Amino acid sequence: MKVETFLFGNVDVNPEQVIEFPAGLLSFENNKRFMLIHETESGDPVSFTLQSLDDPHLALQIIDPAALGFTYELALTDAETASIKLTDPADAVVVLVLFKQEGKATAGMGANLRAPLVVNTKARLGLQKLLTKVRPNVVLSNLSSAA
């Protein structure tokens, strides 16, 4: 299928590569279907664009927390695990949404450490995990399911 996007123009989307967030994302609850895009000229990308297929103007930059020196160990509830059909923690990846920091003396990029995205790469289903506590030296590598 073809999808018109604000940043990348008209792109081909393989339906088998669509990532669905059944509950949407915080502040974007109506956007449930996404695809990953990255610039092919830049070699191995550090960040990716998570492009909404429901709103061509919504595109979020995401990054592997390890690229920022972080590792997470997340415990998902039974309901969260079921919502993304996760049976093997090895099938899960965790990524952070990047944002532009404004209003400071030096503008730059930041990462949302309190609401990482967890994606089941086999089922292509994801969720946004809202964390109440984040330690400054948290590092993201493993996902453990709460049993």
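Is K85 buried or exposed? Select K85 in your viewer and let us find out together. This is a predicted model, and K85 makes a good first stop. With a relative accessible area of 58%, K85 is exposed, because exposed means over 50%.

**Stop 1: two residues with a positive phi**

Stay with K85, in the loop between α1 and β8 (92-101). Look at its backbone: phi of K85 is near 55°, a positive value in a residue other than glycine. Most residues other than glycine have a negative phi.

Now select R124, which is not a glycine either but has a positive phi of about 60°. R124 belongs to the loop between β10 (117-120) and β11 (125-128). R124 is partly exposed, at a relative accessible area of 25%.

**Stop 2: N120 and its backbone partners**

Next, select N120 in strand β10. N120 is buried, with a relative accessible area of 2%. Show its side chain and look for two backbone nitrogens. A polar atom of the N120 side chain lies 3.0 Å from the backbone nitrogen of K122. The side chain of N120 also reaches the backbone nitrogen of A123, at 3.1 Å.

Which residues does N120 contact, leaving aside neighbours within four places in sequence? Light up I84, K85, L86, D91 and L125. You have met K85 already, at the start of the tour.

**Stop 3: a buried salt bridge**

A search of the whole structure finds three salt bridges. Side chains of opposite charge can pair when their charged atoms come close.

Select E80 and K129: they form a salt bridge, and their closest N and O atoms are 2.8 Å apart. E80 lies in helix α1 and K129 in the loop between β11 and β12 (142-145), so the pair ties together parts that are 49 residues apart in sequence. Both E80 and K129 are buried.

Keep E80 selected for a moment. Not counting residues up to four places away in sequence, E80 touches A75, L127 and K129. From C-alpha to C-alpha, E80 and V118 are 9.8 Å apart in space, with their positions 38 residues apart in sequence.

**Stop 4: the other two salt bridges**

Move on to D12 and K2, whose salt bridge has its closest N and O atoms 2.8 Å apart. D12 is in strand β2 (residues 9-12) and K2 in strand β1 (residues 2-5), so this pair ties together parts that are ten residues apart in sequence. Both D12 and K2 are exposed.

Then select R33 and D54, where the closest N and O atoms of the salt bridge are 2.9 Å apart. This pair links distant parts of the chain, 21 residues apart: R33 in strand β4, D54 in the loop between β5 and β6. R33 counts as partly exposed at 31% relative accessibility, and D54 counts as partly exposed at 35%.

D54 leads us to N31, in the loop between β3 and β4. N31 is buried, with a relative accessible area of 7%. Beyond its neighbours within four places in sequence, N31 is in contact with G24, L25, S52, D54, D55 and L58.

**Stop 5: three strands side by side**

Switch to a cartoon view and find strand β4 (residues 33-37) and strand β5 (residues 47-52), which pair in the antiparallel sense over four bridges. To see one bridge, select L36 and its partner L50 in β5.

On to strand β6 (residues 59-63), which runs antiparallel to β5 and is joined to it by five bridges. Here T49 stands opposite Q61 in β6. β5 and β6 form a hairpin with six residues between them.

**Stop 6: two rings**

How many aromatic pairs does the structure hold? There is one. Select F21 and F34: their ring centres are 5.5 Å apart and their planes are at 85°, so the pair is edge-to-face. F21 sits in the loop between β3 (19-20) and β4, and F34 in strand β4, 13 residues apart. F21 is buried at a relative accessible area of 1%, and F34 counts as buried at 0%.

**Last stop: the nonpolar cores**

Finally, show the largest nonpolar core, which has 15 residues. Those with the most contacts inside it are L74, L76, I84 and V118. The elements giving it two or more residues are β7 (73-76), β8 and β11, and the largest share, four residues, comes from β8. Apart from this core lies another, of twelve residues, among them F21, L25, L50 and V95.

Notes
Residues numbered from 1 in each chain as written. Predicted model: local features only at pLDDT ≥ 70, side-chain atom pairs only at ≥ 80, totals over all residues. Heavy atoms only, no water. Pairing = 2+ DSSP bridges. Phe/Tyr/Trp six-rings, centres within 6.5 Å; stacked < 30°, edge-to-face > 60°. Buried < 20%, exposed > 50% of the residue type's maximum accessible area, 1.4 Å probe, protein only. Contact = heavy atoms within 4.5 Å. Core = buried A, V, L, I, M, F, W, Y, C linked by side-chain atoms within 4.5 Å. Polar contact = N/O pair within 3.5 Å; in protein donor to acceptor, adjacent residues only side chain to side chain. Salt bridge = Lys/Arg side-chain N within 4 Å of Asp/Glu carboxyl O.
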